[in-house]
Amino acid sequence: MSIFNWFKKEEEFDQFGLVEDPQKEEDPRNVLYSDIALGFAAAEAEDDVRHVRPDNFRLERPAAVLNQGKVPACVAHSGAHVFAQMTGKVVSPRDGWNRMKTGGEFPSSKLSYGAYLVDIARVMTKYGMTDLDLLANDPVSDPAGYINFLRTPAMERAALKNRIGGYTFLFSSNDDLERFEAVRDYIWREKKSVLFSVTWRGSYQSAKKEGGVVKLEAPSGKSVGHAMCVDGWKKINGHEY
């Protein structure tokens, strides 16, 4: 597990003792699938955490929920929402999307579609994302132009104040039930949301007709990666979501 240090405002990041784990960072399975907590190191698990945890729990959500529209920028939007839940401050996913997808610094810039989950954590650690009131998030009206804008000095200064101290890989496994428990335990102990990725299947779209609940059946249809901000869980018809 790569554990990075604490939440950051304007201090120099080098003071926080970043400990790299090259094997973790270079493993493509972790880049794609590990669940990430931004800005906080995971606490040690308590033996009785699952005995005291309620069936239903949700963190207080930020007032602003941003729309990614037709732009495949779910990674940037998820990072922005985790940051908002942590701090109460709304930042621009558009800024993070531009950092990841242009300039060649991050592996996501080489992808024709979407982005790697870990890249938004790296962007938020090194550069931050600027305030929403300095860079509007409007992917619906102009999807093609969403990634391109003129970054001003004011945007740069604001973004630096929104950096995080690093990120923690909560878990790395192909066992979905273990991932589920690790993420839920972290949310319950730390009262912080998690940057999470799933393989989204075409059959999940039926949830629109089921009150937003994905049916308990074998998934089918096309697959695509999807990122989200996980802020709680709920028991529905005896099954935990």
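The following exercises, with worked solutions, concern salt bridges and helix packing in this structure.

The model is predicted, so local features need pLDDT of at least 70 and side-chain atom pairs count only at pLDDT 80 or more, while totals for chains, interfaces and linings use all residues. Residues are numbered from 1 along each chain as its sequence is written, and side-chain values use heavy atoms, with hydrogens and water left out.

**Exercise 1.** Determine which parts of the chain the salt bridge between Lys126 and Glu105 ties together.

*Solution.* Step 1: apply the criterion, a side-chain nitrogen of Lys or Arg within 4 Å of a carboxyl oxygen of Asp or Glu. In the pair Lys126 and Glu105, the closest N and O atoms are 2.6 Å apart.
Step 2: locate the residues, given that helices (H or I, at least four residues) and strands (E, at least two) are DSSP runs numbered from the N terminus. Lys126 belongs to helix α6 (residues 117–126) and Glu105 to the loop between α5 (93–101) and α6, so the bridge ties together parts that are 21 residues apart in sequence.
Step 3: classify the accessibility, where buried means under 20% relative accessible area, exposed over 50%, and partly exposed in between (1.4 Å probe, protein chains only). Lys126, at 46%, is partly exposed, and Glu105, at 40%, is partly exposed.

**Exercise 2.** Describe the salt bridges of Arg184 with Glu181 and with Glu240.

*Solution.* Step 1: the closest N and O atoms of Glu181 and Arg184 are 2.9 Å apart. Both residues lie in helix α8 (residues 176–190), three residues apart, about one turn of the helix. Both Glu181 and Arg184 are buried.
Step 2: Arg184 also meets Glu240, with an N to O distance of 2.9 Å. This pair links distant parts of the chain, since Glu240 lies in strand β8 (residues 239–240), 56 residues apart from Arg184 in helix α8.
Step 3: Arg184 has a relative accessible area of 3% and is buried, whereas Glu240, at 29%, is partly exposed. Shared partners join Arg53, Glu181, Arg184, Asp185 and Glu240 into one network of salt bridges.

**Exercise 3.** Characterise the packing of α5 and α6.

*Solution.* Step 1: two packed helices are described by the angle between their axes and the distance between the axes. Axes are lines fitted to C-alpha atoms, for helices over the stretch in contact, and angles run from 0 to 180 degrees between N-to-C directions. For α5 and α6 the angle is about 110 degrees, and the axes are 10 Å apart.
Step 2: α5 is therefore roughly perpendicular to α6, a class that covers 65 to 115 degrees.
Step 3: the contact (heavy atoms within 4.5 Å) is made by Gly96, Arg99 and Met100 of α5 and Asp119, Ile120 and Val123 of α6.

Technical notes
Parallel < 35°, antiparallel > 145°, perpendicular 65-115°, else oblique.
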